[in-house]
Amino acid sequence: MNKVLKILFFVLLIKPLVLVVLGLNIRGKNNLPQTGPAIIAANHNSHLDTLVLMSLYPLHLLHKIRPVAAADYFLSTPLRAWFALNIIGIIPLERKRRVARKELFSGCHKALDDEDILIIFPEGSRGRPEQISNIKKGLFYIVNERNDTPVIPVLMHGLGKALPKGEALLVPFNCDVVIGNLLPQAETAGDFVTQLEQTYHELKQYCITLNNETD
Amino acid sequence: MLNIPQNSLLIMLTVLALLVVASLFRLIIEKNHPEKDYTELRQRIQSWWWMIGILFACMSLGTQYTIILFAFISFLALKEFLSIVPTRQADRRIIFWAYLSIPLQYYFVSIQWYGMFIIFIPIYIFLFLPMRMVLTGETKGFIRAAGVMHWAIMLTVFCLSHIAYLLVLPEKNIDAGNIGLVIFLIFMTQFNDVCQYIWGKTLGKHPVIPKVSPNKTWEGFLGAMLTITLVAGFIGPYLTPLSIKLSLLAGLIINVSGFIGDVVVSAIKRDLEIKDSGALIPGHGGILDRFDSLIFTAPLFFHYLRYIAY
(Lines give C-alpha, C1' and ligand atoms only; values in the text may rest on other atoms or scores of the structure.)
Protein backbone atom coordinates (compact mmCIF):
# COMPACT_ATOMS: atom_id res chain seq x y z
CA MET A 1 0.00 0.00 0.00
CA ASN A 2 2.72 2.46 0.99
CA LYS A 3 4.68 1.47 -2.08
CA VAL A 4 1.72 2.41 -4.29
CA LEU A 5 1.33 5.72 -2.44
CA LYS A 6 5.02 6.39 -2.90
CA ILE A 7 4.86 5.81 -6.65
CA LEU A 8 1.69 7.92 -6.96
CA PHE A 9 3.34 10.72 -4.96
CA PHE A 10 6.26 10.79 -7.36
CA VAL A 11 4.26 10.35 -10.58
CA LEU A 12 1.53 12.85 -9.80
CA LEU A 13 3.39 15.44 -7.76
CA ILE A 14 7.17 15.27 -7.70
CA LYS A 15 8.02 14.42 -11.31
CA PRO A 16 5.76 17.14 -12.79
CA LEU A 17 6.99 19.60 -10.15
CA VAL A 18 10.63 18.90 -10.93
CA LEU A 19 10.08 18.89 -14.71
CA VAL A 20 7.77 21.87 -15.14
CA VAL A 21 7.91 24.14 -12.09
CA LEU A 22 11.63 23.71 -11.54
CA GLY A 23 13.46 22.43 -14.61
CA LEU A 24 16.86 20.80 -14.28
CA ASN A 25 20.14 21.48 -16.05
CA ILE A 26 21.58 17.99 -15.62
CA ARG A 27 25.25 17.31 -16.32
CA GLY A 28 26.92 13.89 -16.12
CA LYS A 29 23.74 11.86 -15.82
CA ASN A 30 25.65 8.69 -16.80
CA ASN A 31 27.65 8.95 -13.57
CA LEU A 32 24.54 8.37 -11.48
CA PRO A 33 24.82 4.95 -9.77
CA GLN A 34 22.17 2.49 -10.95
CA THR A 35 22.86 -0.30 -8.47
CA GLY A 36 23.67 -0.41 -4.75
CA PRO A 37 25.50 -0.33 -2.53
CA ALA A 38 26.42 3.24 -3.37
CA ILE A 39 26.30 6.64 -1.72
CA ILE A 40 25.33 9.92 -3.37
CA ALA A 41 27.07 12.77 -1.53
CA ALA A 42 25.20 15.97 -2.37
CA ASN A 43 25.36 19.53 -1.10
CA HIS A 44 22.26 20.68 0.76
CA ASN A 45 20.31 23.93 0.44
CA SER A 46 16.65 23.02 0.30
CA HIS A 47 14.07 20.36 1.13
CA LEU A 48 13.77 20.01 -2.64
CA ASP A 49 17.30 18.53 -2.88
CA THR A 50 16.16 15.04 -1.83
CA LEU A 51 13.09 15.08 -4.07
CA VAL A 52 15.08 16.28 -7.08
CA LEU A 53 17.72 13.57 -6.63
CA MET A 54 15.08 10.86 -6.21
CA SER A 55 13.21 12.10 -9.28
CA LEU A 56 16.29 11.35 -11.41
CA TYR A 57 15.56 7.65 -10.92
CA PRO A 58 12.98 5.53 -12.75
CA LEU A 59 9.96 4.50 -10.70
CA HIS A 60 10.98 0.85 -10.32
CA LEU A 61 14.19 1.90 -8.53
CA LEU A 62 12.58 4.46 -6.20
CA HIS A 63 12.32 2.07 -3.24
CA LYS A 64 16.10 1.47 -3.43
CA ILE A 65 16.93 5.16 -2.99
CA ARG A 66 17.23 6.03 0.69
CA PRO A 67 17.90 9.58 1.90
CA VAL A 68 19.67 9.78 5.26
CA ALA A 69 17.86 12.46 7.27
CA ALA A 70 17.85 14.01 10.73
CA ALA A 71 15.70 12.08 13.20
CA ASP A 72 15.21 15.15 15.41
CA TYR A 73 13.52 17.02 12.55
CA PHE A 74 11.79 14.40 10.42
CA LEU A 75 10.46 12.24 13.26
CA SER A 76 9.29 15.20 15.36
CA THR A 77 5.56 14.85 14.64
CA PRO A 78 3.64 11.61 13.90
CA LEU A 79 2.41 12.75 10.48
CA ARG A 80 5.83 13.99 9.37
CA ALA A 81 7.41 10.77 10.63
CA TRP A 82 4.92 8.58 8.75
CA PHE A 83 5.51 10.56 5.56
CA ALA A 84 9.31 10.58 5.89
CA LEU A 85 9.59 6.87 6.72
CA ASN A 86 6.95 5.44 4.38
CA ILE A 87 6.64 7.74 1.39
CA ILE A 88 10.19 9.09 1.14
CA GLY A 89 11.82 6.10 2.83
CA ILE A 90 14.40 7.98 4.89
CA ILE A 91 16.99 6.41 7.14
CA PRO A 92 16.72 8.46 10.36
CA LEU A 93 19.97 9.65 11.89
CA GLU A 94 20.33 10.87 15.47
CA ARG A 95 22.10 14.22 15.22
CA LYS A 96 21.40 15.50 18.69
CA ARG A 97 21.68 12.55 21.09
CA ARG A 98 25.18 11.27 21.82
CA VAL A 99 25.35 7.66 20.70
CA ALA A 100 28.24 5.40 19.76
CA ARG A 101 29.34 5.66 16.16
CA LYS A 102 28.51 2.04 15.48
CA GLU A 103 24.94 2.44 16.65
CA LEU A 104 24.63 5.83 14.94
CA PHE A 105 25.28 4.46 11.46
CA SER A 106 23.72 1.00 11.90
CA GLY A 107 20.70 1.98 9.75
CA CYS A 108 22.98 3.14 6.94
CA HIS A 109 25.04 -0.05 7.00
CA LYS A 110 21.96 -2.23 6.99
CA ALA A 111 20.58 -0.41 3.93
CA LEU A 112 23.93 -0.65 2.13
CA ASP A 113 24.02 -4.39 2.92
CA ASP A 114 20.62 -4.57 1.20
CA GLU A 115 22.21 -2.93 -1.87
CA ASP A 116 20.33 0.33 -1.47
CA ILE A 117 21.59 3.66 -2.83
CA LEU A 118 21.95 6.22 -0.04
CA ILE A 119 21.57 9.97 -0.39
CA ILE A 120 23.73 11.71 2.18
CA PHE A 121 24.18 15.44 2.68
CA PRO A 122 27.64 15.67 4.25
CA GLU A 123 27.09 19.28 5.32
CA GLY A 124 24.58 17.90 7.80
CA SER A 125 22.08 20.73 7.38
CA ARG A 126 20.68 23.05 4.71
CA GLY A 127 22.53 26.10 5.97
CA ARG A 128 22.39 29.48 4.27
CA PRO A 129 20.87 29.61 0.77
CA GLU A 130 23.26 28.63 -2.03
CA GLN A 131 26.33 28.34 0.22
CA ILE A 132 28.30 25.20 0.96
CA SER A 133 28.85 24.92 4.72
CA ASN A 134 31.50 22.84 6.48
CA ILE A 135 31.53 19.22 5.45
CA LYS A 136 31.17 16.81 8.37
CA LYS A 137 33.20 13.64 8.76
CA GLY A 138 30.35 11.16 9.26
CA LEU A 139 30.30 10.07 5.64
CA PHE A 140 33.98 9.10 5.79
CA TYR A 141 33.35 6.87 8.82
CA ILE A 142 30.58 5.03 7.00
CA VAL A 143 32.61 4.39 3.84
CA ASN A 144 35.79 3.60 5.73
CA GLU A 145 34.16 0.63 7.43
CA ARG A 146 33.27 -0.99 4.12
CA ASN A 147 35.18 -1.51 0.92
CA ASP A 148 32.25 -2.14 -1.40
CA THR A 149 30.64 1.30 -1.46
CA PRO A 150 31.48 3.97 -4.06
CA VAL A 151 30.75 7.62 -3.23
CA ILE A 152 29.39 9.78 -6.08
CA PRO A 153 29.56 13.54 -5.52
CA VAL A 154 26.61 15.63 -6.74
CA LEU A 155 26.55 19.41 -6.78
CA MET A 156 23.21 21.21 -6.96
CA HIS A 157 22.64 24.90 -7.41
CA GLY A 158 19.49 27.00 -7.62
CA LEU A 159 17.16 25.11 -5.29
CA GLY A 160 18.09 27.45 -2.45
CA LYS A 161 16.39 30.11 -4.57
CA ALA A 162 13.29 28.04 -5.32
CA LEU A 163 12.65 26.95 -1.74
CA PRO A 164 15.19 28.16 0.83
CA LYS A 165 15.24 27.16 4.49
CA GLY A 166 12.41 28.77 6.45
CA GLU A 167 10.24 29.64 3.41
CA ALA A 168 6.96 27.99 2.50
CA LEU A 169 6.34 29.60 -0.91
CA LEU A 170 7.92 27.70 -3.77
CA VAL A 171 9.00 30.01 -6.61
CA PRO A 172 9.89 28.45 -10.00
CA PHE A 173 13.60 28.52 -10.84
CA ASN A 174 15.80 26.28 -12.98
CA CYS A 175 18.53 24.50 -11.08
CA ASP A 176 21.77 22.74 -11.89
CA VAL A 177 22.43 19.12 -10.99
CA VAL A 178 26.05 18.16 -11.73
CA ILE A 179 26.95 14.52 -11.13
CA GLY A 180 30.68 13.88 -10.77
CA ASN A 181 32.92 10.81 -11.06
CA LEU A 182 33.27 8.59 -8.03
CA LEU A 183 35.50 9.85 -5.27
CA PRO A 184 38.87 8.12 -4.82
CA GLN A 185 39.42 6.36 -1.49
CA ALA A 186 40.86 8.53 1.28
CA GLU A 187 43.22 7.59 4.11
CA THR A 188 41.96 9.97 6.75
CA ALA A 189 38.76 11.85 7.45
CA GLY A 190 40.59 15.12 6.84
CA ASP A 191 41.72 14.02 3.38
CA PHE A 192 38.24 12.88 2.57
CA VAL A 193 36.69 16.22 3.50
CA THR A 194 39.30 18.16 1.50
CA GLN A 195 38.74 15.93 -1.51
CA LEU A 196 34.99 16.39 -1.41
CA GLU A 197 35.32 20.16 -1.00
CA GLN A 198 37.64 20.29 -4.00
CA THR A 199 35.32 18.14 -6.07
CA TYR A 200 32.35 20.40 -5.32
CA HIS A 201 34.47 23.35 -6.34
CA GLU A 202 35.42 21.68 -9.65
CA LEU A 203 31.82 20.68 -10.39
CA LYS A 204 30.77 24.32 -9.98
CA GLN A 205 32.20 25.19 -13.39
CA TYR A 206 29.39 23.19 -15.06
CA CYS A 207 26.67 25.22 -13.36
CA ILE A 208 24.62 27.65 -15.42
CA THR A 209 22.82 29.39 -12.55
CA LEU A 210 25.89 30.36 -10.50
CA ASN A 211 25.36 34.10 -11.01
CA ASN A 212 21.78 34.06 -9.80
CA GLU A 213 22.60 35.83 -6.56
CA THR A 214 23.33 39.48 -5.83
CA ASP A 215 25.35 40.10 -2.72
CA MET B 1 -6.71 17.50 -41.84
CA LEU B 2 -8.13 19.36 -38.88
CA ASN B 3 -9.28 22.69 -40.22
CA ILE B 4 -5.94 23.98 -41.46
CA PRO B 5 -6.23 26.40 -44.40
CA GLN B 6 -4.63 24.93 -47.53
CA ASN B 7 -1.69 27.33 -47.98
CA SER B 8 -0.57 26.88 -44.39
CA LEU B 9 -1.04 23.13 -44.62
CA LEU B 10 1.17 22.96 -47.69
CA ILE B 11 3.96 24.92 -46.00
CA MET B 12 3.67 22.75 -42.88
CA LEU B 13 4.00 19.61 -45.01
CA THR B 14 7.03 21.19 -46.74
CA VAL B 15 8.66 21.81 -43.37
CA LEU B 16 8.03 18.21 -42.33
CA ALA B 17 9.52 17.04 -45.64
CA LEU B 18 12.62 19.17 -44.95
CA LEU B 19 12.92 17.49 -41.55
CA VAL B 20 12.72 14.06 -43.17
CA VAL B 21 15.50 15.10 -45.55
CA ALA B 22 17.62 16.36 -42.64
CA SER B 23 17.12 13.08 -40.75
CA LEU B 24 18.02 10.98 -43.81
CA PHE B 25 21.06 13.17 -44.45
CA ARG B 26 22.17 12.60 -40.85
CA LEU B 27 21.73 8.82 -41.19
CA ILE B 28 23.78 8.76 -44.39
CA ILE B 29 26.74 10.78 -43.14
CA GLU B 30 26.70 8.80 -39.90
CA LYS B 31 26.96 5.59 -41.94
CA ASN B 32 29.73 6.94 -44.16
CA HIS B 33 31.79 8.28 -41.26
CA PRO B 34 31.28 5.77 -38.44
CA GLU B 35 34.44 7.00 -36.71
CA LYS B 36 33.01 10.48 -36.00
CA ASP B 37 30.65 11.45 -33.20
CA TYR B 38 27.40 12.91 -34.49
CA THR B 39 25.58 13.01 -31.15
CA GLU B 40 25.03 16.75 -31.24
CA LEU B 41 23.70 16.75 -34.81
CA ARG B 42 21.38 13.88 -33.93
CA GLN B 43 20.13 15.66 -30.80
CA ARG B 44 19.63 18.88 -32.75
CA ILE B 45 17.50 17.22 -35.42
CA GLN B 46 15.55 15.18 -32.87
CA SER B 47 14.81 18.36 -30.92
CA TRP B 48 13.60 20.03 -34.13
CA TRP B 49 11.17 17.13 -34.59
CA TRP B 50 9.84 17.67 -31.06
CA MET B 51 9.56 21.46 -31.32
CA ILE B 52 7.92 21.45 -34.73
CA GLY B 53 5.75 18.48 -33.79
CA ILE B 54 4.41 20.22 -30.68
CA LEU B 55 3.85 23.51 -32.55
CA PHE B 56 2.02 21.85 -35.44
CA ALA B 57 -0.04 19.67 -33.10
CA CYS B 58 -1.22 22.73 -31.15
CA MET B 59 -1.92 24.70 -34.34
CA SER B 60 -4.00 21.82 -35.72
CA LEU B 61 -6.01 21.66 -32.49
CA GLY B 62 -6.95 25.34 -32.68
CA THR B 63 -6.16 28.91 -31.69
CA GLN B 64 -6.78 28.47 -27.94
CA TYR B 65 -4.33 25.57 -27.73
CA THR B 66 -1.67 27.53 -29.60
CA ILE B 67 -2.15 30.51 -27.25
CA ILE B 68 -1.69 28.18 -24.27
CA LEU B 69 1.46 26.76 -25.89
CA PHE B 70 3.00 30.22 -26.24
CA ALA B 71 1.99 31.13 -22.68
CA PHE B 72 3.86 28.03 -21.54
CA ILE B 73 6.89 28.95 -23.67
CA SER B 74 6.85 32.42 -22.06
CA PHE B 75 6.82 30.77 -18.64
CA LEU B 76 9.81 28.57 -19.51
CA ALA B 77 11.69 31.54 -20.98
CA LEU B 78 10.99 33.82 -18.01
CA LYS B 79 12.00 31.08 -15.58
CA GLU B 80 15.21 30.47 -17.49
CA PHE B 81 16.02 34.18 -17.62
CA LEU B 82 15.41 34.72 -13.90
CA SER B 83 17.47 31.61 -13.08
CA ILE B 84 20.63 32.92 -14.75
CA VAL B 85 20.56 36.65 -13.94
CA PRO B 86 21.37 37.96 -10.45
CA THR B 87 18.30 38.49 -8.27
CA ARG B 88 17.97 39.03 -4.52
CA GLN B 89 16.56 36.53 -2.03
CA ALA B 90 14.18 39.35 -1.04
CA ASP B 91 12.72 39.35 -4.56
CA ARG B 92 11.39 35.78 -4.46
CA ARG B 93 7.85 36.96 -3.77
CA ILE B 94 8.03 39.66 -6.43
CA ILE B 95 9.21 37.08 -8.93
CA PHE B 96 6.21 34.98 -8.00
CA TRP B 97 4.00 37.95 -9.00
CA ALA B 98 5.99 38.34 -12.20
CA TYR B 99 5.01 34.80 -13.21
CA LEU B 100 1.34 35.68 -12.66
CA SER B 101 1.58 38.29 -15.42
CA ILE B 102 1.79 35.44 -17.96
CA PRO B 103 -1.76 34.01 -17.67
CA LEU B 104 -3.20 37.53 -17.63
CA GLN B 105 -1.24 38.72 -20.68
CA TYR B 106 -2.28 35.64 -22.68
CA TYR B 107 -5.86 35.92 -21.44
CA PHE B 108 -5.99 39.40 -22.97
CA VAL B 109 -4.71 37.83 -26.20
CA SER B 110 -7.39 35.15 -26.15
CA ILE B 111 -10.23 37.67 -25.71
CA GLN B 112 -8.66 39.92 -28.41
CA TRP B 113 -8.43 42.92 -26.08
CA TYR B 114 -5.70 44.70 -28.00
CA GLY B 115 -5.67 47.87 -25.87
CA MET B 116 -4.97 45.93 -22.69
CA PHE B 117 -2.60 43.46 -24.37
CA ILE B 118 -0.37 46.30 -25.50
CA ILE B 119 -0.20 48.28 -22.23
CA PHE B 120 -0.60 45.63 -19.52
CA ILE B 121 3.12 44.88 -19.14
CA PRO B 122 4.69 48.22 -20.18
CA ILE B 123 2.39 50.13 -17.82
CA TYR B 124 0.58 48.07 -15.19
CA ILE B 125 3.26 45.47 -14.46
CA PHE B 126 5.96 48.12 -14.87
CA LEU B 127 4.36 50.20 -12.10
CA PHE B 128 3.09 47.33 -9.95
CA LEU B 129 6.34 45.45 -9.40
CA PRO B 130 8.35 48.32 -7.88
CA MET B 131 5.39 49.09 -5.62
CA ARG B 132 5.35 45.49 -4.44
CA MET B 133 9.13 45.67 -3.98
CA VAL B 134 8.81 48.72 -1.77
CA LEU B 135 6.44 46.78 0.48
CA THR B 136 9.13 44.21 1.24
CA GLY B 137 11.31 47.12 2.36
CA GLU B 138 14.68 45.91 1.05
CA THR B 139 16.37 48.93 -0.57
CA LYS B 140 19.85 47.53 -1.12
CA GLY B 141 20.15 46.66 -4.83
CA PHE B 142 16.63 48.01 -5.48
CA ILE B 143 17.41 49.75 -8.79
CA ARG B 144 19.17 46.80 -10.34
CA ALA B 145 16.53 44.31 -9.19
CA ALA B 146 13.67 46.42 -10.57
CA GLY B 147 15.49 46.82 -13.89
CA VAL B 148 16.38 43.15 -14.26
CA MET B 149 12.88 41.95 -13.49
CA HIS B 150 11.14 44.33 -15.82
CA TRP B 151 13.57 43.61 -18.62
CA ALA B 152 12.99 39.87 -18.12
CA ILE B 153 9.21 40.22 -18.38
CA MET B 154 9.39 42.53 -21.40
CA LEU B 155 11.60 40.12 -23.35
CA THR B 156 10.03 36.81 -22.43
CA VAL B 157 6.35 37.68 -21.93
CA PHE B 158 5.56 40.93 -23.71
CA CYS B 159 7.67 40.35 -26.83
CA LEU B 160 6.87 36.65 -27.21
CA SER B 161 3.11 37.16 -26.67
CA HIS B 162 3.04 39.06 -29.98
CA ILE B 163 3.32 35.70 -31.74
CA ALA B 164 0.09 34.63 -30.08
CA TYR B 165 -1.67 37.88 -30.96
CA LEU B 166 -1.03 37.18 -34.67
CA LEU B 167 -3.54 34.33 -34.27
CA VAL B 168 -6.43 36.56 -33.20
CA LEU B 169 -6.03 39.38 -35.74
CA PRO B 170 -8.95 39.65 -38.18
CA GLU B 171 -8.46 37.07 -40.96
CA LYS B 172 -7.28 38.76 -44.17
CA ASN B 173 -5.69 35.96 -46.16
CA ILE B 174 -8.41 33.30 -46.18
CA ASP B 175 -6.30 30.67 -47.96
CA ALA B 176 -3.58 30.77 -45.29
CA GLY B 177 -5.54 31.77 -42.20
CA ASN B 178 -3.85 33.41 -39.24
CA ILE B 179 -1.73 30.30 -38.74
CA GLY B 180 0.01 31.46 -41.91
CA LEU B 181 1.26 34.59 -40.12
CA VAL B 182 2.76 32.55 -37.29
CA ILE B 183 4.35 30.06 -39.67
CA PHE B 184 5.78 32.90 -41.77
CA LEU B 185 7.27 34.67 -38.74
CA ILE B 186 8.70 31.58 -37.04
CA PHE B 187 10.13 29.95 -40.14
CA MET B 188 11.59 33.11 -41.60
CA THR B 189 13.24 33.79 -38.24
CA GLN B 190 14.68 30.30 -37.85
CA PHE B 191 15.66 30.14 -41.52
CA ASN B 192 17.46 33.46 -41.03
CA ASP B 193 19.55 31.87 -38.23
CA VAL B 194 20.36 28.93 -40.49
CA CYS B 195 21.26 31.18 -43.45
CA GLN B 196 23.54 33.38 -41.33
CA TYR B 197 25.28 30.23 -40.15
CA ILE B 198 25.69 28.70 -43.62
CA TRP B 199 26.76 31.95 -45.36
CA GLY B 200 29.10 32.70 -42.46
CA LYS B 201 30.63 29.21 -42.56
CA THR B 202 31.28 29.32 -46.30
CA LEU B 203 32.29 32.97 -46.87
CA GLY B 204 32.61 34.56 -43.43
CA LYS B 205 35.75 36.63 -42.74
CA HIS B 206 34.83 39.95 -41.13
CA PRO B 207 33.11 39.73 -37.74
CA VAL B 208 30.37 42.29 -37.09
CA ILE B 209 30.76 42.58 -33.31
CA PRO B 210 33.83 40.48 -32.42
CA LYS B 211 33.59 41.30 -28.70
CA VAL B 212 30.11 39.81 -28.39
CA SER B 213 29.86 37.14 -31.05
CA PRO B 214 33.02 36.34 -33.05
CA ASN B 215 31.13 33.88 -35.28
CA LYS B 216 28.71 36.47 -36.65
CA THR B 217 30.24 37.86 -39.82
CA TRP B 218 29.23 40.55 -42.31
CA GLU B 219 29.28 37.91 -45.03
CA GLY B 220 26.85 35.74 -43.07
CA PHE B 221 24.61 38.68 -42.22
CA LEU B 222 24.45 40.10 -45.76
CA GLY B 223 24.12 36.65 -47.37
CA ALA B 224 21.20 35.89 -45.08
CA MET B 225 19.73 39.32 -45.80
CA LEU B 226 19.66 38.55 -49.51
CA THR B 227 18.28 35.03 -49.05
CA ILE B 228 15.63 35.90 -46.45
CA THR B 229 14.37 38.99 -48.26
CA LEU B 230 13.94 37.03 -51.48
CA VAL B 231 12.35 33.98 -49.84
CA ALA B 232 10.01 36.26 -47.85
CA GLY B 233 9.00 38.07 -51.05
CA PHE B 234 8.24 34.68 -52.54
CA ILE B 235 6.16 33.09 -49.76
CA GLY B 236 4.87 36.28 -48.06
CA PRO B 237 1.92 36.75 -50.43
CA TYR B 238 1.10 33.06 -50.04
CA LEU B 239 1.00 33.05 -46.21
CA THR B 240 0.18 36.66 -45.27
CA PRO B 241 -2.00 39.54 -46.51
CA LEU B 242 1.16 41.37 -47.70
CA SER B 243 1.96 42.02 -51.37
CA ILE B 244 5.30 40.95 -52.90
CA LYS B 245 6.92 44.34 -52.26
CA LEU B 246 5.71 44.55 -48.68
CA SER B 247 6.76 40.93 -48.08
CA LEU B 248 10.29 41.75 -49.23
CA LEU B 249 10.37 44.50 -46.59
CA ALA B 250 8.95 42.08 -43.98
CA GLY B 251 11.82 39.71 -44.78
CA LEU B 252 14.33 42.52 -44.33
CA ILE B 253 12.82 43.45 -40.95
CA ILE B 254 12.96 39.83 -39.77
CA ASN B 255 16.54 39.49 -41.00
CA VAL B 256 17.87 42.58 -39.22
CA SER B 257 15.90 42.21 -35.98
CA GLY B 258 16.63 38.47 -35.81
CA PHE B 259 20.34 39.23 -35.95
CA ILE B 260 19.99 41.81 -33.19
CA GLY B 261 18.01 39.45 -30.94
CA ASP B 262 20.67 36.81 -31.41
CA VAL B 263 23.58 39.06 -30.40
CA VAL B 264 21.66 40.65 -27.51
CA VAL B 265 21.09 37.24 -25.91
CA SER B 266 24.74 36.40 -26.67
CA ALA B 267 25.78 39.55 -24.79
CA ILE B 268 23.67 38.50 -21.79
CA LYS B 269 25.33 35.07 -21.72
CA ARG B 270 28.77 36.59 -22.13
CA ASP B 271 28.13 38.93 -19.22
CA LEU B 272 27.17 35.94 -17.06
CA GLU B 273 30.08 33.86 -18.45
CA ILE B 274 27.88 30.97 -19.54
CA LYS B 275 27.66 29.21 -22.90
CA ASP B 276 24.01 28.13 -22.84
CA SER B 277 21.07 29.62 -20.99
CA GLY B 278 19.72 26.20 -20.04
CA ALA B 279 19.69 22.52 -20.95
CA LEU B 280 16.03 22.02 -21.79
CA ILE B 281 16.44 21.40 -25.55
CA PRO B 282 19.11 18.76 -26.26
CA GLY B 283 21.57 19.96 -28.91
CA HIS B 284 20.27 23.53 -28.79
CA GLY B 285 20.70 24.59 -25.14
CA GLY B 286 17.94 26.45 -23.36
CA ILE B 287 14.70 28.11 -24.45
CA LEU B 288 16.40 31.51 -24.73
CA ASP B 289 19.11 30.04 -26.97
CA ARG B 290 16.39 28.98 -29.41
CA PHE B 291 14.02 31.94 -29.05
CA ASP B 292 16.63 34.72 -28.95
CA SER B 293 15.92 35.96 -32.48
CA LEU B 294 12.16 35.46 -32.18
CA ILE B 295 12.03 37.76 -29.14
CA PHE B 296 13.04 40.63 -31.42
CA THR B 297 11.38 39.61 -34.69
CA ALA B 298 7.93 38.91 -33.20
CA PRO B 299 6.95 42.43 -32.03
CA LEU B 300 8.63 44.18 -34.97
CA PHE B 301 6.99 41.96 -37.58
CA PHE B 302 3.66 42.20 -35.75
CA HIS B 303 3.56 45.99 -35.63
CA TYR B 304 4.78 46.32 -39.21
CA LEU B 305 2.04 43.97 -40.36
CA ARG B 306 -0.61 45.62 -38.22
CA TYR B 307 0.30 49.09 -39.49
CA ILE B 308 0.37 48.04 -43.13
CA ALA B 309 -2.49 45.59 -43.42
CA TYR B 310 -5.01 46.32 -40.64
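Among contacts in chain B between residues at least 6 apart in sequence, what percentage join residues at least 24 apart? In this predicted model, the share comes to 74% of such contacts in chain B.

The overall architecture of chain B was examined next. Its secondary structure consists of 10 helices and 0 strands, and the pattern read along the sequence is accordingly α-α-α-α-α-α-α-α-α-α. The C-alpha atoms of chain B occupy a box of roughly 60 × 50 × 35 Å when the principal axes are used as the frame. For a chain of 310 residues, a compact globule would be expected to have a radius of gyration near 19 Å, and the value of 20 Å computed for chain B agrees with this expectation. Of these 310 residues, 52% count as buried.

Within chain B, B:D289 lies in helix 10, which spans residues 287-309. With a relative accessible area of 8%, B:D289 falls under the cut-off of 20% and is therefore classed as buried. Leaving aside residues up to four places away in sequence, B:D289 touches B:E80, B:K269, B:K275, B:D276, B:S277, B:G278 and B:H284. To one of these residues a polar approach can be described in detail, since the side chain of B:D289 reaches the backbone nitrogen of B:S277 at 2.9 Å. B:R270, by comparison, is separated from B:D289 by 19 residues in sequence and by 13 Å in space, C-alpha to C-alpha.

Two loop residues of chain B have backbone angles that deserve separate mention. B:E273, located in the loop between helix 9 (244-272) and helix 10, has a positive phi near 55° although the residue is not a glycine. The relative accessibility of B:E273 is 72%, so this residue counts as exposed. B:Q112, which is found in the loop between helix 4 (92-110) and helix 5 (114-136) of chain B, likewise is not a glycine and has a positive phi of about 55°.

In chain A, attention was given to the packing of two helices. Helix 1 (residues 2-22) and helix 4 (residues 78-88) of chain A pack at an angle of about 90°, and their axes are 8 Å apart; the two helices are therefore roughly perpendicular to each other. Helix 1 of chain A contributes A:N2, A:L5, A:K6, A:F9 and A:F10 to the contact, while helix 4 of chain A contributes A:W82, A:F83, A:N86, A:I87 and A:I88. Sorted by character, the residues of this contact comprise 7 nonpolar, 2 polar and 1 charged.

Note on methods. Residues numbered from 1 in each chain as written. Chains lettered and ligands numbered in written order. Predicted model: local features only at pLDDT ≥ 70, side-chain atom pairs only at ≥ 80, totals over all residues. Heavy atoms only, no water. Helix = DSSP H or I, 4+ residues; strand = E, 2+ residues; numbered from the N terminus. Buried < 20%, exposed > 50% of the residue type's maximum accessible area, 1.4 Å probe, protein only. Contact = heavy atoms within 4.5 Å. Polar contact = N/O pair within 3.5 Å; in protein donor to acceptor, adjacent residues only side chain to side chain. Axes fitted to C-alpha atoms, helices over the stretch in contact; angles between N-to-C directions. Parallel < 35°, antiparallel > 145°, perpendicular 65-115°, else oblique. Nonpolar A, V, L, I, M, F, W, Y, C, P; charged D, E, K, R; others polar. Rg over C-alpha atoms; globule rule 2.2 N^0.38 Å.
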